[in-house]
Amino acid sequence: MTKGAEKREHPGESRYPAAAAILVASVLYLVLPSALVVGPRYLVPALELVLLVPLLVGNPRRMTRETRALRWVSIGLLLLIAAANLSSLVLLVDQLVNGATKNGGQLLLGAAQVWITNIIVFALAYWELDRGGPVVRTRMPRSQLPPADFRFPQDEDHDAIDEVAARSAAKSDWSPAYLDYLYVSVTNSSAFSPTDTMPLSHRAKVLMGTESISALMLSVLVIARGVSLLK
């Protein structure tokens with residue numbers, strides 16, 4: 001058996017961080033200002049929970065099982081959260097541009113909620129797409145993994161000093177988990193550019209560019225306008 005093709009003993013990624021992030025996004029949508037919500041307030045969170053349940057049943061503790069149906073439900077949940085947050089962002093910008101509200105505090109709160117949800121959405125997108133998704137990343141032999149969308153420091157640390165190399169992908173069988181992608185999303189949304197993790201594929205670059213633009217729009221247009229309304 002060739003090196004990298006042997007069966008991996010990785011226990012599978014924990015389900016909890018991604019599930020917690022989805023619940024946070026649902027709660028943030030529930031408490032958005034009314035002007036930033038499309039339709040019944042409870043509709044989107046209810047749909048998100050309906051889609052989350054089969055994913056929890058399929059992989060309750062660790063991500064070890066994947067079927068075509070579970071994969072599509074997971075992608076559908078991501079798209080639902082993204083669409084809901086995008087609609088809130090559009091309504092927020094409309095409120096500011098048209099001067100429909102004078103409540104600066106409410107706008108700042110709504111901007112913060114949309115920004116945090118945006119971070120969660122893109123972290124989920126990176127997590128779902130990179131190297132085939134969370135189940136493939138940890139269960140498939142490395143020689144059979146799809147090409148990486150992101151280059152993490154652990155992918156290159158195998159020849160560093162011993163205490164650093166010990167955590168490298170080559171020596172510890174490390175694979176990126178949701179919290180790694182959440183960190184990528186936070187730094188990209190804050191610095192408007194990659195920091196320690198580089199996008200490799202076109203789709204990763206498009207996603208990171210889109211996230212940077214949306215975060216920049218929130219920072220420059222939405223927050224600046226909200227602060228001015230506080231005066």
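**Exercise 1. The largest pocket**

Determine the volume of the largest pocket and identify which elements give two or more residues to its lining.

*Solution.* Step 1: the largest pocket has a volume of about 310 Å³; this value, like those that follow, is computed on a predicted model.
Step 2: its lining comprises 16 residues, and those closest to the pocket centre are Ala82, Val121, Phe122, Ala125 and Leu207.
Step 3: two or more lining residues come from each of H3, H4 and H9.
Step 4: H3 holds the largest share of this lining, with 7 residues.

**Exercise 2. The cavities**

State how many cavities of 30 Å³ or more a search of the whole structure finds, and describe the lining of the largest cavity.

*Solution.* Step 1: the search of the whole structure yields 4 cavities of 30 Å³ or more.
Step 2: the largest cavity has a volume of about 110 Å³.
Step 3: 13 residues line the largest cavity, and Arg15, Met63, Glu66, Leu70 and Ser74 lie nearest its centre.
Step 4: the elements that contribute two or more residues to this lining are H3, H4 and helix H5 (134-139).
Step 5: H3 provides the largest share of the cavity lining, 3 residues.

**Exercise 3. The nonpolar cores**

Find the residues with the most contacts inside the largest nonpolar core, and establish which helix gives the most to this core.

*Solution.* Step 1: the largest nonpolar core has 29 residues, and the most contacts inside it belong to Ile81, Leu124, Tyr126, Trp127, Phe150 and Tyr178.
Step 2: at least two residues of this core are supplied by each of helix H1 (16-30), helix H2 (43-58), helix H3 (68-97), helix H4 (104-129), H8 and helix H9 (202-230).
Step 3: H4 gives the most to this core, namely 8 residues.
Step 4: for Ile81, leaving aside its neighbours within four places in sequence, the contacts are Ile22, Ala25, Glu48, Thr117, Val121 and Leu124.
Step 5: apart from the largest core lies another core, of 14 residues, including Leu36, Ala84, Val114 and Leu218.
As general background, nonpolar side chains in soluble globular proteins tend to be buried together.

**Exercise 4. Helix H2**

Compare the reach of H2 with the expected value, and list its buried residues.

*Solution.* Step 1: H2 has 16 residues and reaches 24 Å from first C-alpha to last, which is close to the 22 Å expected at 1.5 Å a residue.
Step 2: the buried residues of H2 are Val44, Pro45, Glu48, Leu52, Leu55 and Gly58.
Step 3: H1 and H3 are among the elements that cover these buried residues.

**Exercise 5. Two serines**

Decide whether Ser189 is buried or exposed, make the corresponding assignment for Ser201, and give the polar contact that each side chain makes with another side chain.

*Solution.* Step 1: Ser189 is located in helix H8 (residues 178-191).
Step 2: Ser189 is buried because its relative accessible area is 2%, where buried means under 20%.
Step 3: the side chains of Ser189 and Trp115 make a polar contact at 2.9 Å.
Step 4: leaving aside neighbours within four places in sequence, Ser189 is in contact with Trp115, Ile119, Glu211 and Ala215.
Step 5: Ser201 is located in the loop between strand E4 (198-199) and H9.
Step 6: Ser201 has 17% relative accessibility and therefore counts as buried.
Step 7: the side chain of Ser201 is joined to that of Asp149 by a polar contact of 2.4 Å.
Step 8: the Ser201 side chain also reaches the backbone nitrogen of Ala204, at 3.2 Å.

Terms used:
Residues are numbered from 1 along each chain as its sequence is written. This is a predicted model: local features need pLDDT of at least 70, side-chain atom pairs count only at pLDDT 80 or more; totals for chains, interfaces and linings use all residues. Side-chain values use heavy atoms; hydrogens and water are left out. Helices (H or I, at least four residues) and strands (E, at least two) are DSSP runs, numbered from the N terminus. Buried means under 20% relative accessible area, exposed over 50%, partly exposed in between (1.4 Å probe, protein chains only). A polar contact is a pair of N or O atoms within 3.5 Å; within protein, one must be able to donate a hydrogen and the other to accept it, and residues adjacent in sequence count only if both atoms are side-chain atoms. Contact means heavy atoms within 4.5 Å. A nonpolar core is a set of buried Ala, Val, Leu, Ile, Met, Phe, Trp, Tyr and Cys residues joined through side-chain atoms within 4.5 Å. The expected span of a helix is 1.5 Å times one less than its number of residues. On a 1 Å grid over the protein atoms alone, a cavity is a set of points where a 1.4 Å probe fits but cannot get out, and a pocket is an open set with protein on both sides within 12 Å along at least five of seven lines; lining residues have an atom within 4 Å of a point. Grid points are joined across faces, edges and corners, and a volume is the space filled by probe spheres set on the points.
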